[in-house]
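Please examine the sequence and the structure shown below. The paragraphs that follow lead through selected parts of the structure, beginning with a question.

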Amino acid sequence: FRARLRALVHEVARWMPEEWRGAVAWTHVIVDLPLLFHLHSGAPPLTWMHEDAALRSYLDPDADARRHALERGPLAPLASHWDEAASLRRAWLAEWRRRWPRRVERAPLEDLSDALAVHLRRFPATPVAEAWQAREALRERVGRQFRRSLLHPAAAFGYLALAQLDAERLRAELSRRAVFEEGPVTPC
């Protein structure tokens, strides 16, 4: 799912005018942010991570070398924010906003950004029984903003957010079926 979402981000970036490509391309980082946080914390890489080409450069067995790699290169804007997940998300959001072109109607982008920020701030405290309702409320809000901004670059980001939410829902359903139902998971 992560590889497909990264590919989708790069595809959407190619659709966009040059001035927007950096902001769109930066969204591929959000797909891996929890994993990168895990790696920066000093926790060892998980076995399956070695199969993911996008993560390979961050899998050094030495935690200090891994931190050094994560704090340099394309992830440098996040360098001083690896101490806690909330700070890292805020830093990602700030860098995304920094990549927006200077002359643009910002309201549709701010609306989407605010919706995502509020969700990310509240979600860790959301009871498990209410998690899917919270995700659906976010999906509904992003969907409305996407439809309102179809002729604005914010539509590309709304589209990517909806794709991420759909992938998350599909991954959860496949995991549930694999764990709780007998027999193989059949394609839809």
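Is glutamate 95 buried or exposed? The structure is a predicted model, and in this model glutamate 95 has a relative accessible area of 7%, so it is buried. A residue counts as buried when its relative accessible area is under 20%. The side chain of glutamate 95 forms a salt bridge with that of arginine 98, with 2.6 Å between N and O. Arginine 98, in contrast, counts as exposed, because its relative accessibility is 57%. The two residues are 3 apart in helix H5, which means that about one helical turn separates them. A general property of the helix is relevant here: an α-helix has 3.6 residues a turn, so residues three or four places apart point the same way.

The structure holds 18 salt bridges, and two further examples can be described in the same terms. Glutamate 18 is joined to arginine 21 by a salt bridge whose closest N and O atoms are 2.8 Å apart. Both belong to helix H2, where a spacing of 3 residues places them about one helical turn apart. Glutamate 18 is exposed, since its relative accessibility is 58%, whereas arginine 21 has a relative accessible area of 32% and is therefore partly exposed. In helix H8, arginine 176 and glutamate 173 are likewise 3 residues apart, or about one helical turn. Their side chains meet in a salt bridge of 2.5 Å, N to O. Arginine 176 is partly exposed at 35% relative accessibility, and glutamate 173 is partly exposed with a relative accessible area of 26%. Salt bridges may also link several residues: Arg2, Arg6, Asp32 and Asp52 form such a network.

Asp32 leads to helix H3, where it is one of the buried residues. Why does the distance between the ends of helix H3 agree with its number of residues? Helix H3 comprises 13 residues, 28-40, and at 1.5 Å a residue it should span 18 Å; the C-alpha atoms at its ends are 18 Å apart, so the two values agree. Helix H3 also contains a kink of about 45°, centred on proline 34. Its buried residues include Val29, Val31, Leu33, Leu35, Leu36, Leu39 and His40. The buried residues of H3 pack against several helices, namely H1 (2-15), H2 (18-26), H4 (63-71), H5 (85-98) and H8 (154-180). Just after H3, glycine 42 adopts a positive phi of about 100°.

Both Leu39 and Gly42 are touched by arginine 66, a residue of helix H4. What is the nearest side chain of opposite charge to arginine 66, and how far away is it? It is that of aspartate 60, at 6.1 Å, and arginine 66 is buried without a salt bridge. The cut-off explains this result, because a salt bridge requires a side-chain nitrogen of Lys or Arg within 4 Å of a carboxyl oxygen of Asp or Glu. Polar atoms of the arginine 66 side chain do, however, lie beside backbone oxygens: one is 3.0 Å from the backbone oxygen of leucine 39, and the backbone oxygen of glycine 42 is 3.2 Å from a polar atom of that side chain. Other residues that arginine 66 touches include Ala43, Pro44, Pro45, Tyr58, Leu59 and Pro61.

Two threonines in loops may be considered next. Where is threonine 27 found? Threonine 27 is in the loop between H2 and H3, and its relative accessibility of 9% means that it counts as buried. A polar atom of its side chain is 2.5 Å from the backbone oxygen of valine 24. Beyond residues up to four places away in sequence, threonine 27 touches Val9, Trp92, Trp96, Phe157 and Leu160. Threonine 47 lies in the loop between H3 and H4; with a relative accessible area of 67%, threonine 47 is exposed. Threonine 47 and leucine 59 are 12 residues apart in sequence, and their C-alpha atoms are 10.0 Å apart in space.

The final residue of this account is phenylalanine 146, in helix H7 (residues 131-148). Phenylalanine 146 is partly exposed, because its relative accessible area is 23%. Its C-alpha atom is separated by 6.8 Å from that of tyrosine 159, which is 13 residues away along the chain. Tyr159 is one of the residues that phenylalanine 146 touches, and Ala155, Gly158 and Leu162 are also among them.

Notes: Residues numbered from 1 in each chain as written. Predicted model: local features only at pLDDT ≥ 70, side-chain atom pairs only at ≥ 80, totals over all residues. Heavy atoms only, no water. Helix = DSSP H or I, 4+ residues; strand = E, 2+ residues; numbered from the N terminus. Expected span 1.5 Å × (residues − 1). Bend = angle between axes of the 7 residues up to and from the residue. Buried < 20%, exposed > 50% of the residue type's maximum accessible area, 1.4 Å probe, protein only. Contact = heavy atoms within 4.5 Å. Lys, Arg positive; Asp, Glu negative; His and termini not counted. Polar contact = N/O pair within 3.5 Å; in protein donor to acceptor, adjacent residues only side chain to side chain.
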